[in-house]
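Visitor: Please choose a single part of this model and take me through it closely, residue by residue where that helps. I would also like to see how that part fits into the wider arrangement.

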There are 2 protein chains.
Amino acid sequence: MPKKNAFYAQSGGVTATINVTACAVIETARKFRSRIGKVYAGRDGIIGALTEDLIDTSKEPAGAIRALRHTPGGAFGSCRYKLKGLEESRAQYERLIEVFRAHDIGYFFYNGGNDSADTSYKVSQVAQKLGYPLACIGIPKTVDNDLALTDCCPGFGSVAKYVATSIREAGYDVASMARTSTRVFILEVMGRHAGWITAACGLAQEKEGDAPHVLLFPEIVFDQDKFLAKVDETVRRHGYCAIAVSEGVRWPDGKFLSESGLRDAFGHAQLGGVAPLLAQLVKDKLKQKYHWAVADYLQRSARHIASKTDALQSYAVGKAAVELAVKGRGGVMPIIVRKSSKPYRWTIGVADLKDVANAEKMMPRDFVTEDGFHITAKCRQYLEPLVAGEDYPPYRNGLPDYVRLRNVAVPKKLAGFKI
Amino acid sequence: MPKKNAFYAQSGGVTATINVTACAVIETARKFRSRIGKVYAGRDGIIGALTEDLIDTSKEPAGAIRALRHTPGGAFGSCRYKLKGLEESRAQYERLIEVFRAHDIGYFFYNGGNDSADTSYKVSQVAQKLGYPLACIGIPKTVDNDLALTDCCPGFGSVAKYVATSIREAGYDVASMARTSTRVFILEVMGRHAGWITAACGLAQEKEGDAPHVLLFPEIVFDQDKFLAKVDETVRRHGYCAIAVSEGVRWPDGKFLSESGLRDAFGHAQLGGVAPLLAQLVKDKLKQKYHWAVADYLQRSARHIASKTDALQSYAVGKAAVELAVKGRGGVMPIIVRKSSKPYRWTIGVADLKDVANAEKMMPRDFVTEDGFHITAKCRQYLEPLVAGEDYPPYRNGLPDYVRLRNVAVPKKLAGFKI
């Protein structure tokens, strides 16, 4: 294949290490100068391709690209924008090819989750149908760790390290205060469908009595009586109770706890916040003083406490994506393959995009204790290596020194396109 | 003075570095073996003294005491328990002296905020009146940074570093998502009366357009229209808006925003959470997608990102307290004295407890911009040195390796006492 430009875009919710992958894609592409011309990034993800709003990453100095390794967020912008089926959205798929053709793009790197794998797969099909040579490579990323085939998802290990550290620290705090003040602490974490992040909180408990004492997974239906009994027993036994709860925990009728009836003064339903709801329950039923925290974006942007394993893997998938592309592979995604847990050894494998696209990986039941409130040794063995190692960013004036790229636009060549 | 034992207790809300002070007190006392016998810690703060529930810190190996330097929470337990006036609570003050006499305690170290300084002062008065020789030393600690006389409070710098880092990181995240998803992000932080922690968030903004864009201080009355106009303008100009809000922000009628009318399905007032309330406001009035986080205990226990300056100062006040005591000083508190801001130079001074006891240090008006929504250069100059430097804990299995002491009880010598 003659020398072609590459397109790279970030998709969906960003992570603490998606920019590590961006760094790897750009640095590796720069090593293949005979095969890859420029790397154009989509501004705000795939929307940048549809609207021909491309960023010329060759305008960034090597030091700025290198600094992406320690910078959270999505350096080129991301988006929540899902291309639909091929028939329904044919014009959009064809527009992508038109933009790629106009900018001599022969490589398509799409960094995201399930939906992005699906999109990459469809783009590869359309390109083939239109006879346009395009190496389509998906690159895994998601804090939720729910992608199929890959052993773990780049981005997850760092959230895991953050939430486990946070609940351990808060546990030390609550334990100090329990005699006369707060006895129940609730930390709400992400993971609407899969309980991986909640499970990671469980790592903080090394022996009986350590925080967290109770985990509430989205995979386990919420049982109010059992929950209250467990909290009550924990407070009696250990003096306090630290709880980690997934934002996606549901009532037996399938409704999210977070949707269950909080109203503001005007009667509007209040959105979000399962932690305050549980806190209220603990106060009403158990008469215990509580505190609650909602980590929200803090957890997925906490580059300051990223996992070294995660940073290495996030780089490795980006590098592998480019290497696969220059070898002429397409319709694939580099994945993490675990070779052993103790000692932890992993390598990069390759999966077909179509196999990744339509699957979701939930927590196996045997990763959760029988009572549904904690993780098993098996789960711990799976999770532990993913949070291993520290990878601190540089600091300036006491705060992490993150980079902002110049994000210079590539001159447009086509007419506008309404998305 | 002949050799005497020492009593040390932690009071009120704990911090990421109060154990650094505990470490300093115990390590320094161990250096004065000819003057100080054992250091007894109060289990759960002053309650431990009242109930004669003392912890013998001499049972802890030097390594465990050393590990307090990097361990959050209160190693001996703290409490929210305020001794009242001398007349009202005479029995309690006399009980303290009785316990101290029974255990040959000649040094009283009380590590806390305003109330603790007040208690220390009163204990010193009672001891004097009863002719019991007791060196009473207050040691400053509070995340709120609202103690008088000391330039800053040990514990504050680490919260400041945590919240500034967190809002910077979340800002990078929101900036990535703003095109198609979240445009307004709200982080709720502590500081019910004084806005120092909120102000610290402002450090993350180094130039116009950086997060955070809006700070809401408890010292500035909340003006809904002005707030919404500011958020709207920020989103128009920068594409997104990151907000840090103190839990103590109030409506013009003096009520906390967090008390303003959220009800659960059963009509109970929902407690806490100014962030979700503001988020709802932003959604209703500006139709913007939002996310919110409540840092709660995570902020004050985040030893993993403690400020080095704070850790050094937390140690220095503990060391100075013991040195003052063996010099025969009493009724005093070691404080931080700033000698210059650039370069930052500080030293330890001494304040009279009675002067610290009844004052509260709010943010000066000239630390807040005229519009009330951000910090001034003067404030930045004050805050910047306090977050400087990193002081990472050791890690084991990917998580901070914090110590739990054995906390062996000292055998009781007295009859029980009902508190």
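Guide: B:N145 is a buried residue, because 28 other C-beta atoms lie within 10 Å, and the cut-off for that class is 20 or more. This is a predicted model, and what follows should be read with that in mind. B:N145 sits in the loop that runs between strand 5 (135–140) and helix 6 of chain B, and its phi is near 60°, a positive value in a residue other than glycine. Most residues other than glycine have a negative phi, and most peptide bonds are trans.

A second residue with this kind of backbone is B:D296, whose phi is near 45°, again a positive value in a residue other than glycine. B:D296 belongs to the loop between strand 9 and helix 10 of chain B, and it too counts as buried, because 26 other C-beta atoms are found within 10 Å. That loop leads back to strand 9, which deserves a close look in its own right.

Five of the five residues of strand 9 of chain B are buried, so the strand is largely enclosed by the rest of the structure. On one side of strand 9 of chain B point B:Y290, B:W292 and B:V294, while B:H291 and B:A293 point the other way, and all of them are buried. Strand 9 of chain B pairs with strand 6 (residues 184–189) of chain B in the parallel sense, over five bridges, and within this pairing B:V184 stands opposite B:Y290.

The elements on either side of these two loops also bring us to the contact between the chains, which takes 70 residues from chain B and 70 residues from chain A. Helix 6 (156–177), helix 9 (274–286), strand 9 (290–294), helix 10 (297–301) and strand 13 (399–400) of chain B are the elements that each supply at least two residues of the side of chain B that touches chain A. Of that side, the largest share, 13 residues, comes from helix 6 of chain B. Sorted by class, the side of chain B that touches chain A holds 31 nonpolar, 24 polar and 15 charged residues.

The two copies are related in a simple way: a turn of 180° with a shift of 0.0 Å along the axis lays chain B on chain A with an RMSD of 0.0 Å. This is the relation of a two-fold axis. The same surface serves both copies, in that 100% of the contact residues of chain B recur in chain A.

The peptide bonds offer another backbone detail, found in each chain. In chain B the bond from B:A211 to B:P212 is cis, with omega near -5°, and B:P212 has its place in the loop between helix 7 (196–201) and strand 7 (214–216) of chain B. In chain A a cis peptide bond joins A:A211 and A:P212, with omega about -5°, and A:P212 is placed in the loop between helix 7 (196–201) and strand 7 (214–216) of chain A.

For a contrast with the buried residues above, consider B:A229 in helix 8 (residues 224–238) of chain B, which is exposed because it has 12 other C-beta atoms within 10 Å. From B:M190 it is 39 residues away in sequence and 25 Å away in space, C-alpha to C-alpha.

To set these parts in a whole chain, we can turn to chain A, which has 13 helices and 13 strands. Its C-alpha trace spans about 70 × 45 × 40 Å along its principal axes, and its radius of gyration of 23 Å agrees with the value near 22 Å that a compact globule of 419 residues would have. Buried residues make up 61% of the 419 residues in chain A, and among its contacts between residues at least 6 apart in sequence, 76% join residues at least 24 apart.

Strand 1 (residues 4–10) of chain A has seven of its seven residues buried, so it is largely enclosed by the rest of the structure. It runs parallel to strand 2 (residues 36–42) of chain A, joined by four bridges, with A:A6 opposite A:V39, and helix 1 (residues 18–31) of chain A completes a right-handed β-α-β unit with these two strands. Strand 4 (residues 105–112) of chain A also runs parallel to strand 1 of chain A, joined by six bridges, and here A:N5 stands opposite A:I105.

How values were computed. Residues numbered from 1 in each chain as written. Chains lettered and ligands numbered in written order. Predicted model: local features only at pLDDT ≥ 70, side-chain atom pairs only at ≥ 80, totals over all residues. Least-squares fit on C-alpha atoms with pLDDT ≥ 70 in both. Contact = placed C-beta atoms within 7 Å. Nonpolar A, V, L, I, M, F, W, Y, C, P; charged D, E, K, R; others polar. Rg over C-alpha atoms; globule rule 2.2 N^0.38 Å. Pairing = 2+ DSSP bridges. Right-handed = clockwise from strand over helix to strand, strands pointing away.
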